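Student: Could you walk me through this structure and show me how to read it?
Tutor: Gladly; let us look at it together.

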Amino acid sequence: MDACDSEVKRKAMIQIENVSKYYGKKPSLQGVTLKIEKGEVFGVLGPNGAGKSTLLSILSTISKPAAGRVEINGLDLKKQAKLVREQIGYVPQDVALWEHLTVKDNLIFWSKFSKQRVSKEELYELCRTVRLEEKWNEKVSSLSGGMKRKLNIAAALIHNPDILLMDEPTVGIDIQSKLEINQYIRDLACHGKTIVYSTHDMSEILSLCNRIGVLKSGVLQFSGTIAEAREMVKRKGFLPNSDEKLIYFLLQSERAEKPLP
Amino acid sequence: MVNLSITYFKIREILRHPLSLLLIFFVPLGLTLIVGHMVEKGQKQLEIPIAIIDEDHSDFSRLLVDRISSQAKLHLYKVSGENAERMLLKNDVDSVFVIKKGFQKRLLTGQREEIIDVWTSPSSIAEGIVREVIASETARLTSDVKAADWVVKVFKNLDIHIDQSKTWNAAYHYTDSQWEPEPLMTIQYDQLYLEESGEDRKELGDSPYLRLWTFFTMLSCFLTSDWIIREKGVLFLRIQSTYHGLVSYLLQSTGALFLFHSFQTMLAFYIFGKINIIQMRPELLMLMIVYPFVCMALSVWSASFTKQIGSYYIVSFLFVIIIGILGGSFFPVQEFSSTLLKLSMFFPQNLLLSNDQVKIHTPLFVSGAIVLWMLAIRRLREKR
């Protein structure tokens, strides 16, 4: 995953400063501060209700933070939401496709939502990239779960965004499709896309992400690389014998220390 | 420049799906014509069943039976006494009329009392009306006889020799002809009514067609808004993160649907005009186009509250029926009480089915619809 590190220039694509969000009186995010760089695959970890989806919905301009500031590629998320939307591609937790339409029509329809015109040839090329070209004229309802997930990701890439926000994009699919999607995500990162990836799957985190952020009850417990996490845990006197156990420890522990910038 | 590519795509999608076209065109237009025709036919076929027993078997009694048989709103059974009683008990007939023996003889001697008996049951409802019809026919016979008798008497008093039988018959037939096509001095109730407000009433839903059209159009608007329920979960979520965003999508999608509903309305206007249900006036067409706009606002607003597609269909159907009843889609409910008259003002059917005295101004309905649209969009953006 670090093979393409040198190819991309490091630049802060996402800057989150002290962001909070409440649903009613219940806090969903509390004072989250985070910086994600260009070409990075940033894994967002946390148990159910930790605030992962809330963080992604804020980054994708779907909901607004109650407090704090978010900058996406130098654009203020609150003031320049429309411009921000051209920079991001959002892959929701569930498949967001029109089941009664064909693969082709789904991609065409999603292309209508972007500012730029995307040709049918470009859409076919995108379809080919996710290996769905044979299903081009088939209805989405006839596709397998894995294929739908791939198309779900392709739909977010139609306007060639710099940032991809993925909310558990491989949940509930077979291992083969999951591996294909993971490889595709790695390729995207190598081509300079910044990816924020929310998942429960520890193996995905370990194989995909350059850095991780651990959320618990809306609070960012830790952010940094796996190596940094290992160092921090070691300082606390815990010596995990595997990365899975390390992440498990991070998820269980209270706020470890001040999150790394 | 406004990007309408979503609208074009939606229009193409609607055109490609027969079910959508069926809901937009057949439900309001086809069902209105079919059900309207059935209602109209049913109204024409509404006849009161009565039984008649002819105990006299005379020329006059046969003539009376024939004339009653030819009455449009009566269905006559000529039966024996036993059968008549059974039919009355089984409610097969509303009432039974017995032309008693000596009917002709008594009429000829100028006696009109107790010449016809009436049998009724507790469930007889139209006996009074039928009695009037029979009394009228009996009066016709009596007056014919009286007039003929009087003419013969006049000639006799003047000492003029005539063939009494021929004169009597001539006078009888002349008097009888005065009842055709209708009795002399008949008050022209219908004519006076139409002269006062004939043109307007044609548009106020006297015909069942326009009333039914308001119901089926509203139903069609609700049924074709079900896509909101289907898409408002994850699709709306993703759309909100796109450049054009959810508001644009909602406006363009509903705009595309409104185009089809407007086209259906224009088609209905043309067909109703051609079969003389309405007067083809531009103001009426405008009101007819405003109607689906208001209905769509109601349906989108209602869809913004509903989560399950099944409950949306049930609630919509009940909602449309209640609004249909109170708004006057099925019958002129405003004629029942002043409260209902006032209440009906606030329903969209008021745009088409009421006269000017009880009409809320069209701009108010349009403004209300726009407010509903805005509330629905706001709710759909916020509630995910």
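## Where the two chains meet

Tutor: Start with the polar contacts: in this predicted model, nine residue pairs are in polar contact between chain B and chain A, both residues of each pair at pLDDT 80 or more.

Student: Which elements of chain B give two or more residues to the side that touches chain A?

Tutor: They are α1 (5-16) and α11 (234-240) of chain B. The largest share comes from α1(B), with seven residues. By residue type, this side of chain B divides into eight nonpolar, six polar and seven charged residues.

Student: How many salt bridges does the rule find across the interface of chain B and chain A?

Tutor: The rule finds two. One of them joins the side chains of A:D105 and B:R12, at 3.2 Å from N to O.

Student: And how do I read the size of an interface?

Tutor: It is often given as the accessible area lost when the parts come together. Here, about 2,300 Å² is buried between chain B and chain A, and carbon and sulfur atoms give 64% of that area. On the chain B side, B:F9, B:R238 and B:Y243 supply 36% of the area this chain buries against chain A, more than any other three residues. Counted by residues, the contact takes 21 from chain B and 30 from chain A.

Student: What domains is chain B divided into?

Tutor: Domain 1 covers 5-41 + 207-382, and domain 2 covers 48-186. Their C-alpha centres lie 55 Å apart.

Terms used. Residues are numbered from 1 along each chain as its sequence is written. Chains are lettered from A and ligands numbered from 1 in the order in which they are written. This is a predicted model: local features need pLDDT of at least 70, side-chain atom pairs count only at pLDDT 80 or more; totals for chains, interfaces and linings use all residues. Side-chain values use heavy atoms; hydrogens and water are left out. Domain bounds come from an automatic or database domain assignment. Contact means heavy atoms within 4.5 Å. Buried area is the accessible area (1.4 Å probe) that two parts lose on being put together, summed over both. A salt bridge is a side-chain nitrogen of Lys or Arg within 4 Å of a carboxyl oxygen of Asp or Glu. A polar contact is a pair of N or O atoms within 3.5 Å; within protein, one must be able to donate a hydrogen and the other to accept it, and residues adjacent in sequence count only if both atoms are side-chain atoms. Helices (H or I, at least four residues) and strands (E, at least two) are DSSP runs, numbered from the N terminus. Ala, Val, Leu, Ile, Met, Phe, Trp, Tyr, Cys and Pro count as nonpolar, Asp, Glu, Lys and Arg as charged, and the others, Gly among them, as polar.
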